[in-house]
Amino acid sequence: MAAPGSHSLAFAVRGPIARSDLSGLCDRVCALLGESGAEVAFCDVAGVEPNAVTVDALAKLQLGAKRYGCRVRLRNASAELRELVAFMGLTDVLPE
């Protein structure tokens with residue numbers, strides 16, 4: 001959760017996400033983060049497919065956000081997506 005007074009924003013990622021989508025997705029989200037100056041970005045992932053490409057995309061978004069001094073927090077992740085993130089050892093990288 002964002003600290004009181006911190007600047008945050010929200011965006012949604014919809015699927016399915018193909019590996020060829022990763023670069024464009026990261027570019028668009030990083031541009032949004034760079035313009036906003038947000039400290040926390042809430043990423044709604046309702047309806048995305050729980051697969052390795054999705055987790056890869058979300059991890060890349062987190063890495064890109066870090067470059068802007070921002071943290072991405074997942075919202076509305078399915079149980080399957082949360083389990084896959086945990087299985088891949090990325091719970092600390094992609095928190096809810």
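**A walk through the core and its helices**

Let's start in the middle. The largest nonpolar core holds 29 residues, and the ones that touch the most other members are Phe 11, Val 13, Cys 43, Val 45, Leu 58, Leu 61 and Leu 81. Keep in mind that this is a predicted model. Strands and helices both feed the core: β1, α1, β2 (40-44), α2, β3 and α3 each supply at least two residues. Helix α2 gives the largest share, six residues.

Val 45, one of those well-connected core members, is a handy place to look around from. Setting aside neighbours within four places in sequence, Val 45 is in contact with Val 13, Arg 14, Leu 58, Leu 74, Arg 75, Asn 76, Ala 77 and Leu 81. Two names on that list, Leu 58 and Leu 81, turn up again when we get to the helices.

Now for α2 and its partners. Take α1 to begin with: α1 (residues 22-36) packs with α2 at an angle of about 35°, and the two axes are 9 Å apart. The crossing of α1 past α2 is right-handed. On the α1 side, the contact is made by Leu 22, Leu 25, Cys 26, Val 29, Cys 30 and Leu 33, while α2 brings Val 53, Asp 56, Ala 57, Lys 60, Leu 61, Gly 64 and Ala 65. Sorted by class, that gives ten nonpolar residues, one polar and two charged.

Then there's α3. The axes of α2 (residues 52-67) and α3 (residues 79-87) come within 10 Å and cross at roughly 70°, which makes α2 roughly perpendicular to α3. Here α2 uses Ala 52, Thr 54, Val 55 and Leu 58, and α3 answers with Leu 81, Leu 84 and Val 85. In this contact, six residues are nonpolar, one is polar and none is charged. Leu 58 and Leu 81 both take part, and both are also among the core residues that touch the most other members.

Finally, have a look at the backbone in two loops. Most residues other than glycine have a negative phi, and most peptide bonds are trans, so two spots deserve a closer look. Gly 15 and Pro 16 are joined by a cis peptide bond, with omega about 5°. Pro 16 sits in the loop between β1 (8-12) and α1. The other spot is Asn 76, whose phi is near 60°, a positive value in a residue other than glycine. You'll find Asn 76 in the loop between β3 (71-75) and α3, and it's one of the residues in contact with Val 45.

Terms used:
Residues are numbered from 1 along each chain as its sequence is written. This is a predicted model: local features need pLDDT of at least 70, side-chain atom pairs count only at pLDDT 80 or more; totals for chains, interfaces and linings use all residues. Side-chain values use heavy atoms; hydrogens and water are left out. Axes are lines fitted to C-alpha atoms, for helices over the stretch in contact, and angles run from 0 to 180 degrees between N-to-C directions. Helices (H or I, at least four residues) and strands (E, at least two) are DSSP runs, numbered from the N terminus. Angles under 35 degrees count as roughly parallel, over 145 as roughly antiparallel, 65 to 115 as roughly perpendicular and the rest as oblique. Contact means heavy atoms within 4.5 Å. Ala, Val, Leu, Ile, Met, Phe, Trp, Tyr, Cys and Pro count as nonpolar, Asp, Glu, Lys and Arg as charged, and the others, Gly among them, as polar. A crossing is left-handed if the near helix is turned anticlockwise from the far one by less than a right angle, and right-handed if clockwise. A nonpolar core is a set of buried Ala, Val, Leu, Ile, Met, Phe, Trp, Tyr and Cys residues joined through side-chain atoms within 4.5 Å. Buried means under 20% relative accessible area, exposed over 50%, partly exposed in between (1.4 Å probe, protein chains only).
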